Amino acid sequence: MKAKKLKIRVKTDKFSIPLPALRFSTFRWISKRIIKYYPSKGSSESIKSGENEFMSTILNNLTQQDIDQIFDQLEQTEPFKMVDIEADDEKEGKVKVQIYTI
């Protein structure tokens, strides 16, 4: 059975975000829009501060072909858990993030 959807769960002691599982094609479309409209390297609007520098580098170098390749690969695999993180936050208490394919 091949994976068809991506599910994201975010839960804290204070709230939970009920996101539905979305087809890979939806995430592919959203990702391509982010890349298309993200400020380019030469723009003064691009992110340059410390912890966002890594994400800025990724978004500046990621192409639409890279996005296609990532989602093509995910569609060919069996369902699996990509991210399963539990952490303690001073303000929110326990925080749990899960991302998995179904």
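This is a guided tour of one protein chain, stop by stop, with a selection to make at each.

**Before you start**

The model is a predicted one, in which local features need pLDDT of at least 70 and side-chain atom pairs count only at pLDDT 80 or more, while totals for chains, interfaces and linings use all residues. Residues are numbered from 1 along each chain as its sequence is written, and side-chain values use heavy atoms, with hydrogens and water left out.

**The whole chain**

Begin with the protein chain in a cartoon view, where you will find 3 helices and 5 strands; helices (H or I, at least four residues) and strands (E, at least two) are DSSP runs, numbered from the N terminus. Followed along the sequence, these elements give the pattern β-β-β-α-α-α-β-β. Of the 102 residues, 20% count as buried, where buried means under 20% relative accessible area, exposed means over 50%, and partly exposed lies in between, with a 1.4 Å probe and protein chains only. Among contacts (heavy atoms within 4.5 Å) between residues at least 6 apart in sequence, 52% join residues at least 24 apart.

**Helix H1**

Select helix H1, residues 24–37, and compare its two ends: its 14 residues should span 20 Å at 1.5 Å a residue, and the end C-alpha atoms are 20 Å apart, which agrees. The expected span is 1.5 Å times one less than the number of residues. Now show the side chains of Phe24, Phe27, Arg28, Lys32 and Ile35, which are the buried residues of H1. They cover an arc of only 135° around the axis, which puts them on the same side of H1; the arc is that of the directions from the helix axis to the C-beta atoms. Turn to the other side of H1 and you will meet Trp29, Lys36 and Tyr37, which are exposed. What covers the buried residues of H1 includes S1, strand S3 (22–23), helix H2 (53–61), H3 and S5.

While H1 is still selected, pick out Thr26, which is found in this helix and is partly exposed, with a relative accessible area of 30%. Thr26 and Leu6 are 20 residues apart in sequence, and their C-alpha atoms are 9.5 Å apart in space.

**Helix H3**

Move on to helix H3, residues 64–76, whose 13 residues reach 19 Å from the first C-alpha to the last, close to the 18 Å expected at 1.5 Å a residue. Its buried residues are Ile67, Phe71 and Leu74. They cover an arc of only 55° around the axis, which puts them on the same side of H3. Gln65 and Gln69, on the other side of H3, are exposed. For the surroundings of the buried residues, add helix H1 (24–37), strand S4 (81–89) and strand S5 (93–101), against which they pack.

**An aromatic pair**

Next, select Phe24 and Phe71 and show their rings. The structure holds 1 aromatic pair, and the rings of Phe24 and Phe71 have their centres 6.2 Å apart and their planes at 50°, so the pair is tilted. Rings of Phe, Tyr and Trp (its six-membered ring) pair if their centres lie within 6.5 Å, with planes under 30 degrees apart counting as stacked, over 60 as edge-to-face and the rest as tilted. The pair links distant parts of the chain, Phe24 in helix H1 and Phe71 in helix H3, 47 residues apart. Phe24 is buried at 1% relative accessible area, and Phe71 also counts as buried, at 8%.

**The nonpolar core**

Widen the selection to Ala3, Leu6, Phe24, Phe27, Ile35, Tyr38, Leu59, Ile67, Phe71 and Leu74, the 10 residues of the largest nonpolar core. Such a core is a set of buried Ala, Val, Leu, Ile, Met, Phe, Trp, Tyr and Cys residues joined through side-chain atoms within 4.5 Å. The elements that give two or more residues to this core are H1 and H3. Leu59 touches Ile34, Ile35 and Tyr38, not counting residues up to four places away in sequence.

**Thr12**

Finish at Thr12, in strand S1 (residues 5–12), which is buried with a relative accessible area of 7%. Leaving aside neighbours within four places in sequence, Thr12 is in contact with Glu92, Lys94 and Val95.
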